[in-house]
Amino acid sequence: ASQHRLWPEIDRISMEQLRYARLGVGEGGWQLFAEDGEMKMYKREEEVNGMVVDPLKACHVVRGVTGHEMCHYFFSPDVRMDWETTVEQMTVIETIADDTLVFLQVHKRIWPASQRDSLFWSHMRQVPDHNDRDGHDIWIVCNHSTENPGFPSNNGKCVRVSLTVCLVCQTFIDPPKEGVPITRDDITCKITYCSVVNPGGWAPASVLRAVYKREYPKFLKRFTAYVIDQCKDKPIMF
Ligand SMILES: CCCCCc1ccc(-c2ccc(S(=O)(=O)CCO)cc2)cc1[C@H]1C[C@H]1c1ccccn1
């Protein structure tokens, strides 16, 4: 991947998003808008050219799966349609590397707005985490909009959104007694999911904010439940 023309951008934005995800929600005007057990969802109200682009940051703790497993299922095109219920069509239009793909997604139309599509590179990597006392690696998936002359935006019926998304996962293991193998009961995964979606064309602020409020909690709950279910009978992927 390192010789691909997009690599410098992929590397820079992935690391920027990792730093951004690890910033707390204490400063920066984040407001808690949804809570469900361990899942806490924050947003900032922002508009660009009169369009709602509210940044979102969700923090969650999931027991029984590793950060590698969460990122594996989030990244994998093969299972995307199993958990992503707001996408009508998904295509991998370029394979940059086995950990870096370019997706084209047509999203289900949200009335009364026109239908959206998204074209983005998706990169997964493991980041050694030096300054955390537990010393557990961090896994990240970063999705960021990109252009491709073969798939021009706003040509057909869809308005092209622009997005930057990251899923940052850190695994914590409660070590069982000496010599006892680690089971899923000893594993916890701390997740930070960040997203900024620019709708690409005007959509009523009230509609957008209502959709974000409804869709994001549903989305993260469904995705994490999917990973727990997929992993429960499989060997642990550390
Ligand atoms: C009038 C609607 C304008 C914007 C619609 C829109 C498009 C894409 C997206 C989106 C694109 C990618 C991702 S992901 O995390 O990378 C996973 C891969 O699919 C996630 C969400 C979001 C929204 C916003 C509705 C909001 C919304 C929120 C969660 C689910 C569905 N819709």
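Start with the ligand: in this predicted model, the space the ligand takes up is the largest pocket. Select it and bring up the residues around it.

**The shell around the ligand**

Which elements give two or more residues to this shell? Colour helix H3 (80-83), strand E7 (100-107), strand E11 (162-173) and helix H4 (205-231), and you have them. H4 gives the most, with six residues, so keep that helix on screen if you want to follow the reasoning by position along it: an α-helix has 3.6 residues a turn, so residues three or four places apart point the same way.Now colour the shell by class: there are 13 nonpolar, four polar and four charged residues.

Next, narrow the selection. Of the 21 residues around the ligand, Glu 84, Thr 86, Gln 105, Asn 143 and Tyr 193 come nearest. Show these five as sticks, then check three distances:

- Glu 84: a polar atom of its side chain is 2.6 Å from a ligand oxygen.
- Gln 105: here a polar side-chain atom sits 2.9 Å from an oxygen atom of the ligand.
- Tyr 193: the distance from a polar side-chain atom to an oxygen of the ligand is 2.7 Å.

How much of the ligand does the protein bury? On its own the ligand exposes 660 Å², and the protein buries 98% of that.

**Helix H2**

Move to residues 67-75, which make up helix H2. Is this helix enclosed or open? Eight of its nine residues are buried, so the rest of the structure largely encloses H2. To see them, select Gly 67, His 68, Glu 69, Met 70, Cys 71, Tyr 73, Phe 74 and Phe 75. Charged Glu 69 is on that buried list.

**Asp 54**

Go next to the loop between strand E4 (51-52) and strand E5 (56-63), where you'll find Asp 54. Asp 54 is buried, with a relative accessible area of 3%. What does its side chain contact? Turn on the side chain of Arg 209: the two side chains make a polar contact at 2.6 Å. Then add Glu 46, whose backbone nitrogen lies 3.0 Å from a polar atom of the Asp 54 side chain. Arg 209 falls within the residue range of H4 (205-231), the helix that gives six residues to the ligand shell.

**The loop between E9 and E10**

Jump to the loop between strand E9 (138-145) and strand E10 (159-160) and pick Asn 148. Buried or exposed? Asn 148 has 18% relative accessibility, so it counts as buried, the cut-off being under 20%. Add Leu 119 and draw a C-alpha to C-alpha distance: these two residues are 29 apart in sequence and 8.1 Å apart in space.

Stay in this loop for Asn 154. Its phi is near 55°, a positive value in a residue other than glycine. Asn 154 counts as partly exposed, at 45% relative accessibility.

**Two more backbone stops**

Asn 49 also has a positive phi, near 50°, and it too is a residue other than glycine. Look for Asn 49 in the loop between strand E3 (47-48) and E4. With 73% relative accessibility, Asn 49 counts as exposed.

Finish at Trp 111 and Pro 112, and display the backbone between them. What kind of peptide bond joins this pair? The bond is cis, with omega about -5°. Pro 112 itself is in the loop between E7 and strand E8 (116-127).

Notes:
Residues are numbered from 1 along each chain as its sequence is written. This is a predicted model: local features need pLDDT of at least 70, side-chain atom pairs count only at pLDDT 80 or more; totals for chains, interfaces and linings use all residues. Side-chain values use heavy atoms; hydrogens and water are left out. A residue is near a molecule or strand if one of its heavy atoms lies within 4 Å of it. A polar contact is a pair of N or O atoms within 3.5 Å; within protein, one must be able to donate a hydrogen and the other to accept it, and residues adjacent in sequence count only if both atoms are side-chain atoms. Accessible areas come from the Shrake-Rupley method with a 1.4 Å probe; for residues, only the protein chains shown count as cover. On a 1 Å grid over the protein atoms alone, a cavity is a set of points where a 1.4 Å probe fits but cannot get out, and a pocket is an open set with protein on both sides within 12 Å along at least five of seven lines; lining residues have an atom within 4 Å of a point. A molecule sits in a cavity or pocket if more than half of its atoms lie within 2 Å of its grid points. Helices (H or I, at least four residues) and strands (E, at least two) are DSSP runs, numbered from the N terminus. Buried means under 20% relative accessible area, exposed over 50%, partly exposed in between (1.4 Å probe, protein chains only).
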